[in-house]
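Trainee: Please take a close look at one part of this model, the part of chain B built around its parallel sheet, and then place it among its surroundings. A connected account would suit me better than a list.

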Amino acid sequence: MRPEFFGIIRSPFLWGVIVLFAVLGQWASPYHLGIATQTMLYIALALAWAIVGGFAGQLSIAHNVFVALGALLASALFLRLGINMWVGLVLCAALSALIGVFFAYLDSKFSLGHLSFALVTLAFGEVGMLIVAGWDFVGGASGLSLPRDQGRLLNFEFGGARGYFWAALALATVYLLINYAILHSRLGFYLRTLRDNEAAAQAVGVYPFRNKAIAMAISAAMTSVAGTLYARFSNFVDPSFLASPTLSIEIILIATIGGLTTPLGPAVAAIVLVPFSELLRGWLGGQLPGLSHIIYGFLIVAVILASPRGLVPLLVKIFRQRGGKDVATISMQKGA
Amino acid sequence: MTVLGHLRCVRLLPALAAIALMLLPVAGKAEDAKTVRIGVLDSMTGVFSDFGQQGRPAFQYVIDKVNKDGGIKSMGGAKIELVLADSASQAGRAATEARRLITQENVSLVVGVLLTPEMLAVSPIADEFKTPVLSHSAAGARGDYMFSMGLPYDRGYAKTMVEFVQELNKSHKFNLKNVALVYSNYEAGQQVNKALQRRLTEAGFNIVGEVPLELQSDDQTAAMLRLKSLNADVALGQVSPRNGTGLFRARYSLGFFDTVLIGGTAGYTDPVLWKDLGDKIGQAALTRNLFGFAFSSTASRTPSVQKLTEELRATAKQGHDIGQSAIQGAQAARLIQRVLELAGSTDRDKIKAAFEQVKIPSGDADLYLDRVGGLSFGPDHMPNDSTGVMIQWKADKSQDIVYPAQYATAPPSAKK
Amino acid sequence: MDLFLQALSQGILVGGTYALIALGMAVIFSVSGMLNFAHGDFLLIGMYLAYAVFLSLNLDPYLSVLITFPVMCLAGAGLYVFLLKRLGASHLLMAVQLTLGLSFIAQNTLLLTFGGEPIRVPSVVETDLLLVGNVIIRTPQLIAFFAALLLSAAFYATLNFTDAGRRVRAVQQQPRAAALIGINVPLVRTLTFALGIGVLAIAAVLIIPGTSMAPAHGLRWTVIALITVVLGGMTNFVGIFIGALLIGASESLATLYVSGTLGMIVPYALFIALVLFRPEGILKRT
């Protein structure tokens with residue numbers, strides 16, 4: 001662990017923002033809390049994906065499989081076999097990590113290129129959706145409904161809108177720290193060298209399979225855990241959303257739009273994009289259904305044209321132009 | 001060095017604070033004594049947008065009429081004000097919008113197409129804020145505040161279809177024994193399929209095989225070939241409009257009409273099928289050995305339905321015909337009018353109680369469904385009478401009701 | 001046996017339509033290395049354009065392609081000049097995101113303009129059937145199949161055996177060197193983008209008979225095109241054609257012989273196996 005990491009966890013700015021969010025949650029209305037919780041869950045999902053998508057540069061489109069495992073299998077284990085959801089969360093995370101390692105194995109065994117890896121994982125994503133839809137134990141295409149939350153933490157219940165917001169905020173915070181930790185660790189360094197030049201990395205003794213497998217396992221387990229929380233938060237566990245490859249694509253969209261060179265990228269992008277799309281649909285969706293999605297599309301195109309490296313580098317540029325020498329820049333240079 | 005701890009970073013704070021401000025509650029709007037605010041939550045975009053786009057105009061049309069005719073009389077002529085929202089065909093999005101309608105817009109109740117998954121996602125919110133929600137079409141009603149005008153998969157869909165097959169054998173000299181199950185592979189299709197399997201086995205039919213249809217596929221030739229290889233007398237199941245279109249194209253091109261097709265709802269009964277298939281394929285594939293299960297049909301001889309159909313046709317967009325989604329929308333509006341008259345108040349619990357008491361009897365001018373038992377909710381918050389109708393198509397694109405007998409406009413015909 | 005032949009021929013014909021759709025994606029990839037995630041939505045735009053022409057001029061889709069092809073070519077050129085060109089070649093992932101943004105815009109603009117209900121465009125041979133032995137074949141699908149065969153062969157020949165094709169390959173492999181030897185790189189890229197999107201207008205009118213069109217259908221077509229292109233080896237147009245037939249046939253036969261979920265998984269499993277064991281495409285010797 002390099003000293004940069006300890007700098008980050010001691011950063012008053014980071015904790016200031018997190019405390020600000022937590023305090024705002026105290027006053028927010030249930031509608032806005034719901035959107036804020038969703039935002040935090042998307043931050044968690046995007047950060048989990050960024051460990052393979054950003055650091056290791058592997059475009060996995062199969063992450064919906066891990067979300068589905070965490071959400072549907074953990075719920076099914078609880079509903080059908082009475083297994084506590086905390087236990088289910090751990091089991092599903094472990095299973096996801098195993099599947100992640102399997103993907104990494106395929107990648108190294110058949111030395112897949114980036115594109116082949118992306119498409120193979122997309123096919124696995126589709127297969128995952130089909131298996132969920134055909135598997136009665138996890139509710140098939142109909143999904144599962146969890147019993148009403150009674151606020152018993154030991155049963156993985158967080159007690160109402162505010163509780164879920166804080167749980168999701170805590171999860172997103174932990175994931176942000178994990179990302180920084182990996183970024184500044186030996187693993188993060190190895191992953192970046194493998195991403196940038198695999199042959200050269202191998203020549204100096206960096207094992208591709210071992211490092212990529214570790215990254216994939218961590219990312220898959222994190223995704224699964226976020227899936228379990230998503231399931232408990234939404235109460236009705238909807239496979240057409242939580243198991244669909246479209247969700248993978250959504251996660252990738254958020255992660256990359258933010259910029260993959262810093263863990264702040266996925267976080268900031270989710271904070272901008274998720275509320276933007278939800279509030280806009282609430283505002284316009286009744287009168288002109290579809291218009292909000294069009295504006296959302298334009299926003300994405302505009303951000304990418306303005307800054308092909310992502311939203312955070314763009315923000316950094318803007319702040320720098322205004323005279324400030326921004327911290328995020330430094331963190332990026334270190335990270336990149 | 002402290003990367004994020006750098007002092008200049010304070011510059012980022014205002015931006016983040018501004019975003020965070022969006023989380024703050026918007027002050028609730030003062031309630032006008034002369035209006036009742038109703039949240040309308042339909043799937044207007046996404047994969048199920050056709051349901052919302054058909055149901056909403058009919059719903060709005062009837063609500064406009066209610067307002068023109070003097071509003072809610074028990075509330076001193078209060079007008080109904082609609083707050084519109086889009087569920088984007090996704091359960092999670094439906095939940096978010098329901099939260100907005102209830103907590104931000106202060107509506108007294110929420111109504112909408114709300115397919116079963118959307119209903120399941122909205123019901124915890126209805127319970128949490130003790131706000132009644134009415135779904136046009138969900139196959140169940142979970143929780144205390146959810147009501148649905150839809151038909152349950154088992155005692156609505158499966159029961160009507162199986163009893164109809166028995167009726168065909170008994171009274172119309174069909175000899176249907178071997179049954180195949182042909183259904184769209186999604187939530188509704190799978191649930192109806194399970195219920196059908198149970199009821200068919202109990203009734204002594206021989207199930208010869210299953211043909212699940214991939215929801216997003218246009219070409220169903222191979223599925224039709226599989227059905228052919230099963231040598232079934234009849235195929236039953238819930239089928240989506242897109243899958244229905246694919247099946248009928250395959251039926252036409254393979255010239256395979258031996259197996260009687262029975263199913264629904266929209267995939268076998270929506271007039272949009274004719275638009276999608278064209279006249280020639282429609283006439284060949286829809287008008288023989290096919291019976292559709294529907295919530296209701298514009299073929300009804302009931303005067304209230306005929307009048308409504310005429311009015312809706314006059315207001316519909318060019319080239320759009322009226323299907324069951326429109327009738328469900330109109331019926332939802334009339335039901336809400338009755339409920340509000342009964343409640344006499346915008347109080348959410350009084351409205352919930354009114355839902356439990358309301359009854360639109362058979363023969364009432366406001367009943368647009370052919371149900372002997374009229375429309376009222378049982379303890380499960382689903383319609384007490386949950387019998388659908390079975391229809392068959394005529395070459396002029398209109399329908400005949402063939403079941404139940406008291407509403408039949410023609411006998412079921414077996415044309416090979 | 002009749003059932004088998006019928007399912008096989010139907011699968012192959014449907015595969016032909018997959019090839020048609022995938023060609024445009026491969027053309028664009030061949031020169032820019034970019035994957036267009038709005039590909040399926042552009043296909044739908046082509047279909048709705050044919051519908052609009054039918055509404056206003058009452059033209060059959062087979063004729064309206066004379067109008068929609070140039071329009072879509074212009075759209076493709078515009079897409080490159082105004083949007084993707086600015087990204088440069090190094091941002092494959094950003095091109096994917098940008099086209100995803102376009103997909104949101106296209107899908108919902110179609111929804112606002114034409115509504116969410118499925119739409120049909122009548123066409124001259126829409127309902128015609130051919131009987132070959134005991135196998136029934138839909139004439140419009142046969143036409144689409146031969147068009148796909150022709151276009152694949154033409155693209156293959158152009159890319160491999162003509163000067164224009166050599167330029168395209170040069171731009172793909174060594175853009176700087178290509179510029180040095182006097183190739184107008186931006187122009188080559190603009191023209192191939194125009195062709196890649198334009199060919200979707202052709203695909204659109206050929207698949208209109210027998211396909212439901214609704215604004216939300218785009219992503220599925222994109223996924224089919226992606227899978228087909230990767231299976232074929234990205235820029236090998238003959239490989240893409242054969243890959244498309246494999247996917248179509250496996251879908252059809254699996255539906256007939258393998259029941260339920262397993263049957264639906266078969267095409268994806270086949271795809272995964274082929275990519276693992278023939279990563280350079282089904283025709284490349286490894």
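Mentor: In this predicted model, strands E3(B) and E4 (residues 133-135) of chain B pair in the parallel sense, over three bridges. Within that pairing, Val111(B) stands opposite Leu134(B) in E4(B). To get from E3(B) to E4(B), the chain passes through helix H4 (residues 116-128) of chain B, and this β-α-β crossover is right-handed.

E3(B) also pairs with strand E1 (residues 35-42) of chain B, where three bridges join the two in a parallel run. There, Gly39(B) is placed opposite Val110(B) of E3(B). Strand E3 itself covers residues 109-112 of chain B, and both of its faces are covered. Leu109(B) and Val111(B) lie on one side, Val110(B) and Gly112(B) on the other, and all four are buried. As a general point, side chains in a regular strand alternate between the two faces of the sheet.

Gly39(B) has a partner in E2(B) as well, namely Val83(B). E1(B) and E2(B) pair in the parallel sense over eight bridges. Put together, five strands of chain B make an open sheet in the order E2-E1-E3-E4-E5, with parallel pairing. At the edges stand E2 and strand E5 (146-148) of chain B, each pairing on one side only. From one strand to the next, the twist averages 25°.

Just beyond E2(B) there is a backbone detail to note. Ser89(B) is in the loop between strand E2 (79-86) and helix H3 (91-104) of chain B. Phi of Ser89(B) is near 60°, a positive value in a residue other than glycine. Most residues other than glycine have a negative phi, and most peptide bonds are trans. Ser89(B) counts as buried because 25 C-beta neighbours lie inside 10 Å, where the cut-off for burial is 20 or more.

A contrasting case is in chain A. Ser111(A) sits in the loop between helix H5 (85-109) and helix H6 (114-134) of chain A, and its phi, near 30°, is again positive in a residue other than glycine. Ser111(A) is exposed, because just 12 other C-beta atoms lie within 10 Å, and 12 or fewer is the cut-off for that class.

Back in chain B, a helix pair also deserves a description. Two packed helices are described by the angle between their axes and the distance between the axes. Helix H2 (residues 49-68) and helix H13 (residues 324-343) of chain B pack at about 35°, with axes 7 Å apart. Their crossing is right-handed. On the H2(B) side the contact includes Phe51(B), Phe59(B), Tyr61(B) and Val62(B), and on the H13(B) side Ala326(B), Ala330(B), Arg334(B) and Gln337(B) are among the residues met. By class, the residues of this contact divide into eleven nonpolar, six polar and two charged.

Chain B has another open sheet, this one of seven strands in the order E7-E6-E8-E9-E10-E13-E14, with mixed pairing. Strand E7 (206-213) and E14 of chain B each have a single partner strand, so one side of each is left without a neighbour in the sheet. Neighbouring strands here are turned by 25° against each other on average, direction ignored. At one end, seven bridges join strand E6 (residues 178-184) of chain B to E7(B) in a parallel run, and Tyr183(B) stands opposite Pro212(B). Helix H5 (residues 153-171) of chain B packs on this sheet, touching E8, E9, E10, E13 and E14 of chain B, and its direction makes about 145° with that of E10(B).

Two cis peptide bonds belong to the same account. One joins Gly264(B) and Thr265(B), with omega about 0°, and Thr265(B) lies in the loop between strand E9 (260-264) and helix H9 (266-269) of chain B. The other runs from Tyr403(B) to Pro404(B), with omega near 0°, and Pro404(B) is in the segment after strand E14 (399-403) of chain B.

Last, the contact between chains C and A. It takes 31 residues from chain C and 33 residues from chain A. On the chain C side, helix H4 (92-114), helix H9 (218-232) and helix H11 (260-277) each supply at least two residues, and H4(C) gives the most, with 13 residues. That side of chain C has 23 nonpolar, seven polar and one charged residues.

How values were computed. Residues numbered from 1 in each chain as written. Chains lettered and ligands numbered in written order. Predicted model: local features only at pLDDT ≥ 70, side-chain atom pairs only at ≥ 80, totals over all residues. Contact = placed C-beta atoms within 7 Å. Nonpolar A, V, L, I, M, F, W, Y, C, P; charged D, E, K, R; others polar. Axes fitted to C-alpha atoms, helices over the stretch in contact; angles between N-to-C directions. Left-handed = near helix turned anticlockwise from the far one by under 90°. Pairing = 2+ DSSP bridges. Right-handed = clockwise from strand over helix to strand, strands pointing away.
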